[in-house]
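Trainee: I would like a close look at how one pair of helices packs. Please go through it step by step.

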Amino acid sequence: MADEIFVSPRKHGRIMVLISGRGSNFRAIHDSILAGKIDAKVALVFSNREEAEGLKIAQERGLETLYVNAKLYPVKEDYDQEIIRQARKRGIDLICLAGYMKVLTPMFCNEFKNRIMNIHPALLPSFPGLHVQQKAIDWGVRYSGATVHFVAAEVDMGPIIIQAIVPVLQDDTEEKLSARILVEEHKIYSEAVRLFFEGRLEVRGRRVFIR
Ligand code: GRF
């Protein structure tokens, strides 16, 4: 069967960002919006952690924030349904995972197929999962980097939108490599969101074409 083709919408978009912590990728995307580089609005910053630093950044910037306690939802799908409900209520076009530490249920991924992005601090499909900067050092790879991809039900495996390469240095530590990768994360995540709302991302099966 031929692959279904998805083309991202060209419009003034409404974004929901999902975070669990620091929120520097959220901040970078919002900075690009403020600088007029992305035609979109951050309509909601959602967190599963009440103390996420990113929520404070969002509030300081006058953005709407929401924390929902996952412990109140013993069934994972119910928690994700609540996020979907909040997204639909606000007419969200794109969900950006930015250091969101919960795995989305397949139901969520399918509901927003081609409308959820994630940033990962390695060159996927190498080093999926957590602590991947240390894993790259331990493996001895010469290059690592960052990947922005669409989210599919299989963790860290959705279609790749943009990657950036970062050399791994002889004297690297997890902190040093993470910091250099983070600089690239901020650039490519904003770039991917910009391309999305310029109507320039075309998804065919596993591959994303930039038009
Ligand atoms: C980033 O390294 C991102 O790649 C990973 O989690 C971290 C989030 O950082 N998914 P921040 O909260 O955006 O500062």
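Trainee: Is the crossing of α1 and α6 left-handed or right-handed?

Mentor: The crossing is right-handed (the near helix is turned clockwise from the far one by less than a right angle; anticlockwise would be left-handed). This is a predicted model, in which local features need pLDDT of at least 70 and side-chain atom pairs pLDDT 80 or more, while totals for chains, interfaces and linings use all residues. Residues are numbered from 1 along each chain, and side-chain values use heavy atoms, without hydrogens or water.

Helix α1 spans residues 24–34 and helix α6 residues 174–197 (DSSP runs of H or I, at least four residues, numbered from the N terminus). Their axes lie 9 Å apart at an angle of about 50° (lines fitted to C-alpha atoms over the stretch in contact, with angles from 0 to 180 degrees between N-to-C directions). That angle makes α1 oblique to α6 (neither under 35, over 145, nor 65 to 115 degrees). From α1, Ser24, Asn25, Ala28, Ile29 and Ser32 make the contact; from α6, Leu182, Glu185, His186, Tyr189, Ser190 and Val193 do so (heavy atoms within 4.5 Å).

Now the aromatic rings. The whole structure holds six aromatic pairs (ring centres within 6.5 Å; planes under 30 degrees apart are stacked, over 60 edge-to-face, the rest tilted; Trp counts by its six-membered ring). Tyr73 and Tyr79 form an edge-to-face pair, because their planes stand at 70°, with centres 5.5 Å apart. Phe196 and Phe197 are also edge-to-face, with planes at 85° and centres 5.0 Å apart. Together with Phe6 and Phe150, Phe196 and Phe197 form one aromatic cluster.

Notes:
Helices (H or I, at least four residues) and strands (E, at least two) are DSSP runs, numbered from the N terminus.
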